[in-house]
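User: I am new to this structure and would like a close look at a single part of it. Please take one pair of strands as the starting point and then work outward to what surrounds them.

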Amino acid sequence: MKLKSIILAATMATAATGVTAEGVKVGMITTLSGGGAGLGIDVRDGFMLAVAQSGRDDIEVVIEDDQRKPDVAVQLSDKMIQSEKVDILTGIIWSNLAMAVVPGAVAQGKIYLSPNAGPSALAGQACHQNYFNVAWQNDNLHEAAGAYANDAGHTNSFILAPNYPAGKDALTGFKRFFEGDLAGEIYTKLGQTDYAAEIAQIRASGADSVFFFLPGGMGISFLKQYADSGVDLPVVGPAFSFDQGILQAVGDAALGVKNTSQWSKDIDNATNKAFVESFQDEYGRLPSLYASQGFDTANLMISAMEKADISDQEAFRAALKEADFSSTRGDFAFAANNHPVQDIYVREVIKEGDVYTNKIIGVALEDRSNAFLDACKM
């Protein structure tokens, strides 16, 4: 059965009762339309690739589009928990949607596996035994960018991000590790596409570098306008604005930019090599950071299914905590607050033939956990 057919069947699944005792029913709420749809599509495709490769027939996945709207995400979560009777929820890309959905879902006894959003509140005071983040805590990649900026000799950075939870975590994370001064710090509107005013501020600021977190289409718009502006300051950012699905739209404006990521297609381990090859064979495109996170999330779940029944939630949580699966990232473990401990790399945007992509040039942070362990009382 081709993977596209599996995804279609999963999307159309509407059974009102749970699967058999040894199986798992998953509710995936992710962004499949509008701005940011590419991120959700990649998470979905990575997740479903792992499910297909597992050969298991006891995993049912119900997939819904949150339209990047918190109220829609909450409605879908309620439907999946109350009507679909799912065992596990996953899929959310955006931190404001995660904050709307996750606390209520875990309070109702559901396990949530995050393939992306990792807001600081869910790592700290709102941590929960049923919540596992398989990507990163929101601050992590930005912390690594701050560390790299130090190594690169930047001493006066201008920093900007959208005004929502992940944007605030981004700038907080960068400042936690950056040792220089700030030439400016601004929050932009979520979904903004015109950055003329911000670029003018950068030009007048006296900065020696720019750090920005603008995921999806926001990053495409900013980078193109920045390249056209004539401002010639080095740019540092997290992978979200330099990931595989975005680079083709940005083009030459991204070449040479350094960005931080816990994953890259050239990480040298057997699991990652096989993942990159199989994803490209199945979908006709290189995988993104988001696809790798979806793939790892599914494989974490499958590893737990091999050790425990979902009906024994305590045992299932313990099996998840062991993280006994082969990650595309190589070494992977959970910290005490159920967020990853992992290396975070520095990548450079390059061009291979006609394809824009990234290559690893160093490690920014080794075995990085997160800054919120003490705030988590789990």
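Analyst: In this predicted model, strand β9 (residues 235-238) and strand β10 (residues 258-261) pair in the parallel sense, and three bridges hold the pairing. One of the matched positions is Val236, whose bridge partner in β10 is Lys258. Between the two strands the chain passes through helix α10 (residues 244-250), and the β-α-β crossover made in this way is right-handed.

Strand β10 also has a neighbour of the opposite sense, for four bridges join β10 to strand β12 (residues 340-352), and these two strands run antiparallel. Lys258 appears here again, standing opposite Glu348 in β12.

From β12 one can step to a side chain that reaches this strand, that of Arg329, which is placed in the loop between α13 (313-322) and β11 (333-334). The side chains of Arg329 and Gln342 are joined by a polar contact of 2.8 Å, and a polar atom of the Arg329 side chain also lies 3.1 Å from the backbone oxygen of Ala135. Leaving aside residues up to four places away in sequence, Arg329 touches Val134, Ala135, Gln262, Trp263, Ile267, Asn269, Asp296, Gln342 and Tyr345. Arg329 counts as buried because its relative accessibility is 5%, and the cut-off for buried is under 20%.

Asn269, one of the residues touched by Arg329, leads on to helix α11 (residues 270-283). Asn269 caps the N-terminal end of α11, with a side-chain oxygen 3.1 Å from the backbone nitrogen of Thr271. The 14 residues of α11 should span 20 Å at 1.5 Å a residue, and the end C-alpha atoms are 20 Å apart, so the helix agrees with the expected span. The buried residues of α11 are Asn272, Phe275, Val276, Ser278, Phe279 and Tyr283. In an α-helix there are 3.6 residues a turn, so residues three or four places apart point the same way. Just after α11, Gly284 takes a positive phi of about 75 degrees.

For another β-α-β arrangement, one can turn to β1, α2 and β2, which make a right-handed unit. Strand β1 (residues 24-30) is mostly covered, with seven of its seven residues buried. Val24, Val26, Met28 and Thr30 point one way from β1, while Lys25, Gly27 and Ile29 point the other way, and all of them are buried. Such a pattern can be read against a general rule, namely that in a regular strand the side chains alternate between the two faces of the sheet.

Strand β1 pairs in the parallel sense with strand β2 (residues 59-65) over seven bridges, and Lys25 stands opposite Glu60 in β2. A parallel pairing also links β1 to strand β3 (residues 88-90), here over three bridges, with Val26 opposite Ile88 in β3.

The helix of this unit, α2 (residues 37-54), has 18 residues and reaches 26 Å from its first C-alpha to its last, close to the 26 Å expected at 1.5 Å a residue. Helix α2 is mostly covered, since 13 of its 18 residues are buried, and just after α2 Gly55 takes a positive phi of about 75 degrees.

As for the wider setting, an unreviewed UniProt entry places the feature "domain: Leucine-binding protein" at residues 24-353. That span is 43% helix and 20% strand, and its end C-alpha atoms lie 43 Å apart.

Conventions:
Residues numbered from 1 in each chain as written. Predicted model: local features only at pLDDT ≥ 70, side-chain atom pairs only at ≥ 80, totals over all residues. Heavy atoms only, no water. Buried < 20%, exposed > 50% of the residue type's maximum accessible area, 1.4 Å probe, protein only. Polar contact = N/O pair within 3.5 Å; in protein donor to acceptor, adjacent residues only side chain to side chain. Contact = heavy atoms within 4.5 Å. Expected span 1.5 Å × (residues − 1). UniProt positions renumbered as here; feature names shortened; annotations may be inferred. Pairing = 2+ DSSP bridges. Right-handed = clockwise from strand over helix to strand, strands pointing away.
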